[in-house]
Amino acid sequence: MTTAVPRSPAPAQPASATPASELTALLDGLTGPGQPFAAETLAALDRAEAFPEDACRVLDEFGLPRYYVPAEHGGAMDDFSVVMQLLRGVSRVDLTVAAAHGKTYLGAVSTWIAGDPERAARLGRRIIDGAVVSCALTERHHGSDLLAGEVVAERSAGGRRLSGEKWLINNVTRADLVTVLARTDEAGGPLGFSLFLVDKEQLEPGRYTDLPKVPTYGIRGAAIGGIAFHDAPLSDDALVGGTGQGVEIILKSLHVTRTGCVAMSLGAGDHALRLAAEFTARTRTESGHSLAELPAVRRELGEATATLLLAEATSLVAVRSVHALTGEMSVVSAVAKASVPAYVDDLIARLFHLLGPHGLAGSGDPHGEFAKVERDHRIIGIFDGSSLVNRNALIDQFARLARAYRKGRWDAAGLAAATTAHTAPGPFRTESLNLISSGGASVVASLPAAAAEVRQLADDGLASGALADLAERLRAAADRLHEDMAGARFAPRAVPVRGFELAERFELCFGAAAALHLWLRGRSTWNTRSMRSTPVPAWTTPWLRGCLVKALTDLGEHVDETERRVHGELADALLARPAGPGAPYSLLDRLGAAPDTQEASAS
């Protein structure tokens, strides 16, 4: 038998000028009884499958829509990692709200990539003023097969006429504008579709019909439904990009939006991990010990923390790659969208198994927050292409990836920019987006050099030999992976299970390599600022060792019990965090800062 005991409230957080911390502070202040972000309020909306109007209004008033608009078009978005942190902060409180509000960026990104500057600026002003934008790609009978689409935009006097139905679209019934992929060549094919930005306010009554909301397993309050167009007139001005470029523009847009989805997964992981940590810390066994003191519970909490850290390393490097490794985003976005939601699903399932027997859905969690985050996050995995779709996109590039790895070819400057946290990135050059990566994947191709760098640091007494051993075993696993990838030959649309297993192994190597690069660049930044070359203190490496141990374990490599002790260190660090949603355990707190600013919160 266990009983719940009170836990001290979170202490006030220091003021910060960052947009993410300002939003977090705002949301923390709106979680009290009757407030729009209160657990009981969100639970009631979920039960009623009602749209979170008040919560979205708070985000509008904060100015979040400005971060969906690039700076060159009048907005505040000049760093995708800032947008990630903002949406992560919202998702940390409620995924439904994040999915409902953040959808506008997906609806608009095609115009940012392919629209002319005047129209892009016009759309930017609309969004900043509160307009909602949706993106209508999928259809009832074709799912993710965009080339099978039946919605048509036929030529007419003065423009085109749009007819047909788009279905299972987020926010389409609430949107002011909708980006629509439509067939413009009867023969179809890759050049047979075009994109149109449809302003619903300019359509006459009867030219479109909102289709009913679709009940969903998770994010129940989101307005997921459909829209049917009935010979709706479109001016030539509605065309985004050129005629026949719709599929290409959408695929390039998805390189960005799929990467953005990681923010929602990270927030869900934060939420689940916080609930688990707080529950196990305050619940006592008959002997008077907290659940969190039990070795089995500490191990589970530590492994879950390592999983979230690996997801975060993947995500942070991925969003910075939008700026720094733009030409490689066909690979990076596929890795991020396939792996990060999968990692977080695994984390939530692990914690659900741990906490379920202790009645988390009862007195320990009166508003069913954990069950809700489990349901909600299941939906994130299918946003902007499922893991299956993204792994298939990765498999198509195996030969190029293996060749780049074998030749040791990578973009050194781009990699340095992508993996140096807390620095302003360069501009996002949309013209550098490609449908395939001709240069491979710099994050993984440079892994042998990164492992050698860690070994040299260990030889010089500036890193532990244990860390160098982990890095070298990761490099060996990556060597074997790329040999297997080089020999793989799969027919399109007939990829066997082995192909997807190779893709999962690549994702693990990418995430662990990302963590290794972030640590190396963070260490370099600290040494440069302090103008001395000193050993990295022991407390800076548990998060990295956790990532490497997690990746090596999932790759099927041997990991001994001594190395697994890092899970206990990570559990201690997690449990030492203040209570409350505004205090996640994040590797961002451990990158690029001098020791005296981190030691209090480090493990």
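Here are a few exercises with worked solutions on the predicted model shown above.

**Exercise 1. Work out how many cavities of 30 Å³ or more there are, and describe the lining of the largest one.**

Step 1: start with the count, which comes to 6 cavities of 30 Å³ or more.

Step 2: take the largest cavity and get its volume, about 320 Å³.

Step 3: look at who lines the largest cavity. There are 23 lining residues, and Leu87, Gly102, Thr257, Gly260 and Cys261 lie nearest the centre.

Step 4: map the lining of the largest cavity onto helices. At least two residues each come from α4 (80-93), α5 (95-114), α7 (246-260), α8 (262-282) and α9 (295-324). The top contributor is α5, with 6 residues.

Step 5: sort the lining of the largest cavity by class, and you get 16 nonpolar, 5 polar and 2 charged residues.

**Exercise 2. Do the same for the largest pocket: which elements line it, and which gives the most?**

Step 1: the largest pocket holds about 1600 Å³ of space. Its lining has 48 residues, with Ser144, Asp145, Leu146, Arg258 and Val389 closest to the centre.

Step 2: go through the elements. α5, β4 (159-170), α7, α10 and α12 (387-395) each put at least two residues into the lining of the largest pocket.

Step 3: pick the main supplier. That's α7, which gives the most to the pocket lining, with 6 residues.

Step 4: split the pocket lining by class, and 26 residues are nonpolar, 14 polar and 8 charged.

**Exercise 3. Classify valine 97, threonine 326 and aspartate 116: buried, partly exposed or exposed?**

Step 1: valine 97 sits in helix α5. Its relative accessibility is 0%, so valine 97 counts as buried. Setting aside neighbours within four places in sequence, valine 97 is in contact with Phe37, Leu42, Pro52, Ala55, Cys56, Leu59 and Val90.

Step 2: threonine 326 is found in the loop between α9 and α10 (329-355). Its relative accessible area is 7%, and the cut-off for buried is under 20%, so threonine 326 is buried too. Not counting residues up to four places away in sequence, threonine 326 touches Ser321, Phe428, Arg429, Ser432 and Leu433.

Step 3: aspartate 116 is in the loop between α5 and α6 (117-128). Here the relative accessibility is 28%; because partly exposed runs between 20% and 50%, that is the class aspartate 116 gets.

**Exercise 4. Find how far apart in space the C-alpha atoms are for valine 97 and aspartate 185, and for aspartate 116 and proline 496.**

Step 1: valine 97 and aspartate 185 are 88 residues apart along the chain, and their C-alpha atoms are separated by 38 Å.

Step 2: aspartate 116 and proline 496 are 380 residues apart in sequence, and the C-alpha to C-alpha distance is 42 Å.

**Exercise 5. Describe how helix α17 and helix α19 cross, and what kinds of residues meet there.**

Step 1: get the geometry. The axes of α17 (residues 465-486) and α19 (residues 542-554) come within 10 Å and cross at roughly 35 degrees. The crossing of α17 and α19 is left-handed.

Step 2: list the partners. On the α17 side you have Leu467, Leu470, Ala471, Arg473 and Leu474, and they meet Leu544, Arg545, Leu548, Val549 and Leu552 of α19.

Step 3: sort the residues of this contact by class, which gives 8 nonpolar, no polar and 2 charged.

Methods. Residues are numbered from 1 along each chain as its sequence is written. This is a predicted model: local features need pLDDT of at least 70, side-chain atom pairs count only at pLDDT 80 or more; totals for chains, interfaces and linings use all residues. Side-chain values use heavy atoms; hydrogens and water are left out. On a 1 Å grid over the protein atoms alone, a cavity is a set of points where a 1.4 Å probe fits but cannot get out, and a pocket is an open set with protein on both sides within 12 Å along at least five of seven lines; lining residues have an atom within 4 Å of a point. Grid points are joined across faces, edges and corners, and a volume is the space filled by probe spheres set on the points. Helices (H or I, at least four residues) and strands (E, at least two) are DSSP runs, numbered from the N terminus. Ala, Val, Leu, Ile, Met, Phe, Trp, Tyr, Cys and Pro count as nonpolar, Asp, Glu, Lys and Arg as charged, and the others, Gly among them, as polar. Buried means under 20% relative accessible area, exposed over 50%, partly exposed in between (1.4 Å probe, protein chains only). Contact means heavy atoms within 4.5 Å. Axes are lines fitted to C-alpha atoms, for helices over the stretch in contact, and angles run from 0 to 180 degrees between N-to-C directions. A crossing is left-handed if the near helix is turned anticlockwise from the far one by less than a right angle, and right-handed if clockwise.
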